[in-house]
Amino acid sequence: MSTSVNAVVVGGCLVSFTPQVSSQDQEDIQACLLYAELAANEKYPDRLSRKVWFDYFQGRLLKAGFTLKTLVPSDPILVASVRQLLSESYTIMGKLGVERLGQLFQDTFKALRLDEFAWDFFRGNVAKGGSGILKCAPCERLTSGEVVVCLLGLRYSATVIENDFFLWSEFDRELAIIPGGGVFVFNRGEFENYRKRVHEKIDAYSSKVFMRKLQS
């Protein structure tokens, strides 16, 4: 296990960074992911189509200066346990041709298990059943100097029950999972042109959410 992995929750995304990713890049990537999530929530508040929501989410990253390097194959898979869910996820990332991303994904979950807030967040997302998207984004700096973000979105649809879920119990039925996402390169030079706008958008979206809560 890579104990030095820095793992955090950003909006509804589990994010991790290797030590080679600078603190400024970590901060900027987190800001971009939060901006993308808030923008997608604003555009599609009812989330009637998870795919449309996720496509828009990824589009916002491209608008903020990211470039797409590799697409995640979107072939549906069926899983019957958390262990199988993670195993399939490692396999997907391991085939993308970017250094260590499969292992980094595993390290992300191990690190997040040590973070009570983050783990409870992930656990609740799956255990409540229905449909949704689990998002994970391990990030690392390659030997080439590129900083890559492997965004993996798992659209799921099932009714599940929680039975000692914290100990990786089995689901009561198969989960239908449709992977999505891709490997994105974070261009710090490009992001400088968008930094102010991204933070302004985060403030604006956050203010709207706060006002809605006050009015509800």
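Reader: How much area does the chain expose, and what share of it do carbon and sulfur atoms supply?
Author: This is a predicted model. In it the chain exposes about 10700 Å², and carbon and sulfur atoms supply 51% of that area.

Reader: And what percentage of the residues is buried?
Author: Of the 216 residues in the chain, 47% are buried.

Reader: Switching to secondary structure. How many helices and strands are there?
Author: The chain has seven helices and seven strands.

Reader: In which pattern, along the sequence?
Author: The pattern reads β-β-α-α-β-β-α-α-α-β-β-β-α-α.

Reader: Take α1 and α2. At roughly what angle do their axes cross?
Author: Roughly 140°. Helix α1 covers residues 23-43 and helix α2 residues 50-63, and their axes come within 8 Å.

Reader: Why is α1 called oblique to α2?
Author: Because of that crossing angle. Angles over 145 degrees would count as roughly antiparallel.

Reader: Left-handed or right-handed crossing?
Author: Right-handed, as α1 passes α2.

Reader: Which residues meet there?
Author: From α1, C32, L33, Y35, A36, E37, A39, A40, N41 and K43. They meet W53, Y56, F57, R60 and L61 in α2.

Reader: How many of those are nonpolar, polar or charged?
Author: The contact of α1 with α2 has 10 nonpolar residues, one polar and three charged.

Reader: Back to the whole chain. Of the contacts between residues at least 6 apart in sequence, what percentage join residues at least 24 apart?
Author: That comes to 70%.

Methods:
Residues numbered from 1 in each chain as written. Predicted model: local features only at pLDDT ≥ 70, side-chain atom pairs only at ≥ 80, totals over all residues. Heavy atoms only, no water. Axes fitted to C-alpha atoms, helices over the stretch in contact; angles between N-to-C directions. Helix = DSSP H or I, 4+ residues; strand = E, 2+ residues; numbered from the N terminus. Parallel < 35°, antiparallel > 145°, perpendicular 65-115°, else oblique. Left-handed = near helix turned anticlockwise from the far one by under 90°. Contact = heavy atoms within 4.5 Å. Nonpolar A, V, L, I, M, F, W, Y, C, P; charged D, E, K, R; others polar. Buried < 20%, exposed > 50% of the residue type's maximum accessible area, 1.4 Å probe, protein only. Areas by Shrake-Rupley, 256 points an atom, 1.4 Å probe, with all protein chains shown as cover.
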